[in-house]
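Biologist: I would like a close look at one part, the aromatic rings and what surrounds them. Please go through it step by step.

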Amino acid sequence: MAGLFRRVLLIVSATTWMLAMTGCSNDSTPPGSFVYQLQGYRDGRLDELAAAPFRTAVVDLARDGGASYFQADEIGALKASGKRVLAYFEIGSIESFRPDFTAIRDDRLLLNEWRSWPGEHFVRYWEPRWWDLAVRPRLDRALAAGFDGVYLDTPLAYEEIDLGLVPGLGRTELAERMTDLIVRISAHVKGANPSFGVYPQNSPELREYPGYLDAIDGVGVEELFFRATDEPCTADFCAENLAATRKLKEAGKTVLAVDYATRPENVAQACRRYREEGFEGYVTVRGLDTVAAPCR
C-alpha cells in the first residue's frame, strides 16, 4: 500500500460506522481486531482511532505523509485507549512527497518508477545510504514516539525492480537483500526495545529465506480474498499468497489481513474467512482514509 496521496478517496456510510460503534468499547472488541488508516485523520488527530473498537492500529509515521510526524504524547494517547500501535512506512520504495525524497534522489538511489503509482520509485534498498538516509531515521522516530512496532511496506520491491537497472542481480539475489534489510531492521529496533514488533507487508514467500522468520513478529497481507474493490481474488497468485500466509500463521506469526470491499456480502465473506483462518482481519476502502466497521 504505497503512497498516501495517490489513494482513492471513498466514503463509507456513516450509518454503517454508527452501527459498528453502538454499544462498543475496547472490552467488547473481538480478539485480534485491527484498524489500518494512513490518511484522512480528522483535524490531523488520532481521536477517532482512539475511540474505535480495535486492539491494534496501523498508522503512518507522519500525519500528512510529509514532515509532520506523530509525537510521543499523541501515540501515548492512542495506546492509552488499549491499542497496540504500529508505524507504517516503506522500505523498498519512496514517494516523491516524502521529506527525504530529495536526498534519496540526489544520492542516486532511485530506480524505476512504479507504473501503477506515478511519483513513486523503487530504490537501491541494499545500499548503506538507503539505511542511513531513510530507514534508520524512520525506525528511530518510531521508537522515540513510543510506537509498539513497525509495519513495513514494499518488500515486494524485489519483484518490481527493472533488472536492466541493476546488472548482475536477479530476483533471488534481490529477495535475499530484502530479507537482509528486514533482519537488520529487526536487530536495530529489538536492540533498543526487545518487545518492539516487526511486521512486513505482503511478500509472504520471503519466509523461505534464512533469517526472515526469526526477524519478524507477524506479517500484513493485502487482498487475500478481495482485490480493490469488491473483486474476488481468484488468480493463481491469490492461492499462492494464501498458502504462504498460512505457513507463517503455522510458524506462530500474527497475520494482519486487509481486503478492499464495500458490498455487505463481500465484507461478511472476508470476515468469515478471517475467522476460519485465524487471521486478524480488516475490510476497508483502498484509500485507507477512514475508519471502517470491525469484523463481527
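**Aromatic rings and their surroundings**

Modeller: A search of the whole structure, which is a predicted model, finds nine aromatic pairs. One of them joins Tyr41 and Phe70, which meet edge-to-face at 5.4 Å centre to centre with 80 degrees between the planes. Tyr41 sits in the loop between strand 1 (34-37) and helix 2 (47-51), and Phe70 in the loop between strand 2 (56-60) and helix 3 (72-80), so the pair ties together parts that are 29 residues apart in sequence. Rings of Phe, Tyr and Trp (its six-membered ring) count as a pair if their centres lie within 6.5 Å; planes under 30 degrees apart are stacked, over 60 edge-to-face, and the rest tilted. Helices (H or I, at least four residues) and strands (E, at least two) are DSSP runs numbered from the N terminus.

Residues are numbered from 1 along each chain as its sequence is written, and side-chain values use heavy atoms, with hydrogens and water left out. In this predicted model, local features need pLDDT of at least 70 and side-chain atom pairs count only at pLDDT 80 or more, while totals for chains, interfaces and linings use all residues.

Both Tyr41 and Phe70 are buried, meaning under 20% relative accessible area; exposed is over 50%, and partly exposed lies in between (1.4 Å probe, protein chains only). Elsewhere, Phe34, Phe54 and Tyr282 form one aromatic cluster.

Rings can also have a charge over them. That label applies if NZ of Lys or CZ of Arg is within 6 Å of the ring centre and within 35 degrees of the ring normal. Arg141 places its charged end over the ring of Tyr69, 3.9 Å from the centre. Trp131 has Arg184 over its face, at 4.1 Å from the ring centre.

Tyr69 also helps to line the largest cavity, along with residues including Tyr88, Phe89, Arg98 and Arg138. A cavity, on a 1 Å grid over the protein atoms alone, is a set of points where a 1.4 Å probe fits but cannot get out, and lining residues have an atom within 4 Å of a point. About 60 Å³ of space lies in this largest cavity, and the count is one cavity of 30 Å³ or more. Grid points are joined across faces, edges and corners, and the volume is the space filled by probe spheres set on the points.

Tyr282, from the cluster, falls within strand 13 (280-284), an edge strand. Its sheet is open and has three strands in the order 9-12-13, with parallel pairing. The other edge is strand 9 (218-222), and each edge strand pairs on one side only. From one strand to the next the twist averages 15 degrees, with axes taken as lines fitted to C-alpha atoms, for helices over the stretch in contact, and angles running from 0 to 180 degrees between N-to-C directions. Strands pair if DSSP finds at least two bridges between them; strand 9 and strand 12 (residues 254-260) have five. Across this pairing, Val219 stands opposite Val255.

One more aromatic residue, Tyr199, lies in strand 8 (residues 197-200). Side chains in a regular strand alternate between the two faces of the sheet. In strand 8, Gly197 and Tyr199 point one way, Val198 and Pro200 the other, and all are buried. Strand 7 (residues 149-153) pairs with strand 8 in the parallel sense over four bridges, and Val150 has Val198 as its bridge partner.

Methods:
On a 1 Å grid over the protein atoms alone, a cavity is a set of points where a 1.4 Å probe fits but cannot get out, and a pocket is an open set with protein on both sides within 12 Å along at least five of seven lines; lining residues have an atom within 4 Å of a point.
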